[in-house]
Every structure is written in structure tokens, then in C-alpha cells.
Amino acid sequence: SDVCSSDFWFAHMNTMRRLARFDWPTAAANMMFLLPICLLPFATAWLGADPGGAFTWQLYSWVMIATSAANIVTVLTIYRGGGRLVVGGAPRGEVAYRLLRAASPGLAFAAGLALLAAGRNLMAHFAALVVIPLIIVVAERFVKPKAVVKAPAVRSEEHTSELQSRF
């Protein structure tokens, strides 16, 4: 649970740190992304109590798929309009790269569910260990943009006055 939650946290932080502005659709997508993450400890505890159980594995997989889908919605929301909310906009390939990374857990656990339905229980439990790294290697090698624009450092008093002027 901690490993998955921290992995999603790093993805969330990496996506959100590029924001220049934050609007209501982004806030809603963000909350939708955080909801299934809150369910991860419960699904993990249940899986830990019955590690070989088909139902517990399906429950855990569906929570991971929901988290991945919500992450995809968050990325699409943030990068809508050519990345107008993001510092420097969206360089070519960045949206595809972030979407592929966001989709990797969902695709892996969907593959696990398909293997489980086919009666391949052991393979289903290990599908994520193969599929997620494979997708990430493909994303890093073939989809990741060459240079990602870094958010500029903002002095705290400038940032505070900018936030105060907005509200």
C-alpha cells in the first residue's frame, strides 16, 4: 500500500508542480484522483488477509484501475487547451508521455484481471510486475519529450502577493 501510494504521490507531485494556474476543473479532477488513493490501504489490507483469493485480488485490481483512470482524467484536465495551465505549455509528446505513465497501472491490473478470468491466477498476480516496467521503459525510450520545461523558481513574497491578488 505504501509503495503504491508513494508511487502515485510522486506522479501527482510531478504533474502538479508544472502548473502555473489552478482552476476548478483541475481541483475536481485532483479530488477525483485522490479518492481511490484513499481506498488503497483498505484494499491492500484485505488482499494481505487473503493473498491468494480471487475476490480480494479483483478488488485490489479495480482500485488500481480506478486510480489510474482518475490520474488520466487529471492529466487530461491539466493539459487541456494546449497546456494553458502549465508553465511553458505542453511540449510535443509530453501529454502522450504523461498519459502513458498514468495509464500503466490501470493497463497492468486490467491485464491481471483478464489473466484471472482466463484461469491464470498466478500469472494474474504478477502481471503488474511485468507490464508496468515495460510500459515505463517504452514511454521513457520512445515517447518522453527531449526537454521538459522546469517551473521557474518564485520568491515567496512574490508568490504570496500573487495569490492574495487572485482572492
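**Exercise 1. State whether Arg18 is buried or exposed, and find its charged partners.**

Step 1. Arg18 has 3% relative accessibility, so Arg18 counts as buried (buried is under 20% relative accessible area, exposed over 50%, partly exposed in between, with a 1.4 Å probe and protein chains only). The structure is a predicted model, in which local features need pLDDT of at least 70 and side-chain atom pairs count only at pLDDT 80 or more, while totals for chains, interfaces and linings use all residues. Residues are numbered from 1 along each chain as its sequence is written, and side-chain values use heavy atoms, with hydrogens and water left out.

Step 2. Arg18 forms a salt bridge with Glu94, with the closest N and O atoms 2.2 Å apart (a salt bridge is a side-chain nitrogen of Lys or Arg within 4 Å of a carboxyl oxygen of Asp or Glu). Glu94 lies in helix α5 (residues 94–117) and Arg18 in the loop between α1 (2–16) and α2 (24–49), so the pair ties together parts 76 residues apart in sequence. Helices are DSSP runs (H or I, at least four residues), numbered from the N terminus.

Step 3. Glu94, at 1% relative accessibility, is also buried. A network of salt bridges links Arg18, Glu94 and Arg98.

Step 4. Arg18 also lies 9.4 Å from Ile78, C-alpha to C-alpha, although 60 residues separate them in sequence.

**Exercise 2. Locate the salt bridges of Arg80 and Lys144.**

Step 1. The search of the whole structure gives 5 salt bridges. In one of them, Arg80 meets Asp23 at 2.2 Å, N to O. Arg80 sits in helix α4 (residues 80–83) and Asp23 in the loop between α1 and α2, 57 residues apart, and the pair thus links distant parts of the chain. Arg80 is partly exposed, at 23% relative accessible area.

Step 2. Lys144 pairs with Glu140, the closest N and O atoms being 3.5 Å apart. Lys144 is partly exposed at 33% relative accessibility, and Glu140 is partly exposed with a relative accessible area of 33%.

**Exercise 3. Describe the lining of the largest pocket.**

Step 1. The volume of the largest pocket is about 630 Å³. Of its 26 lining residues, Asp7, Ser104, Pro105, Ile132 and Ile136 are the closest to the centre. On a 1 Å grid over the protein atoms alone, a pocket is an open set of points where a 1.4 Å probe fits, with protein on both sides within 12 Å along at least five of seven lines; lining residues have an atom within 4 Å of a point.

Step 2. At least two lining residues come from each of α1, α3 (54–78), α5 and α6 (121–143). α1 gives the largest share, 8 residues.

Step 3. By type, the lining holds 18 nonpolar, 5 polar and 3 charged residues.

**Exercise 4. Check the spans and bends of α2 and α6.**

Step 1. α2 has 26 residues and reaches 39 Å from first to last C-alpha, close to the expected 38 Å (expected span is 1.5 Å times one less than the number of residues).

Step 2. α2 bends by about 30° at Leu40, and Pro41 follows within four residues (the bend is the angle between axes fitted to the seven residues ending there and the seven starting there). Leu40 is one of the buried residues of α2, as are Phe33 and Ile37.

Step 3. The 23 residues of α6 should span 33 Å, and the end C-alpha atoms are 32 Å apart, which agrees. α6 bends by about 40° at Ala127, and Ala127 is among the buried residues of α6, including Ile132 and Ile135.

Technical notes. Grid points are joined across faces, edges and corners, and a volume is the space filled by probe spheres set on the points. Ala, Val, Leu, Ile, Met, Phe, Trp, Tyr, Cys and Pro count as nonpolar, Asp, Glu, Lys and Arg as charged, and the others, Gly among them, as polar.
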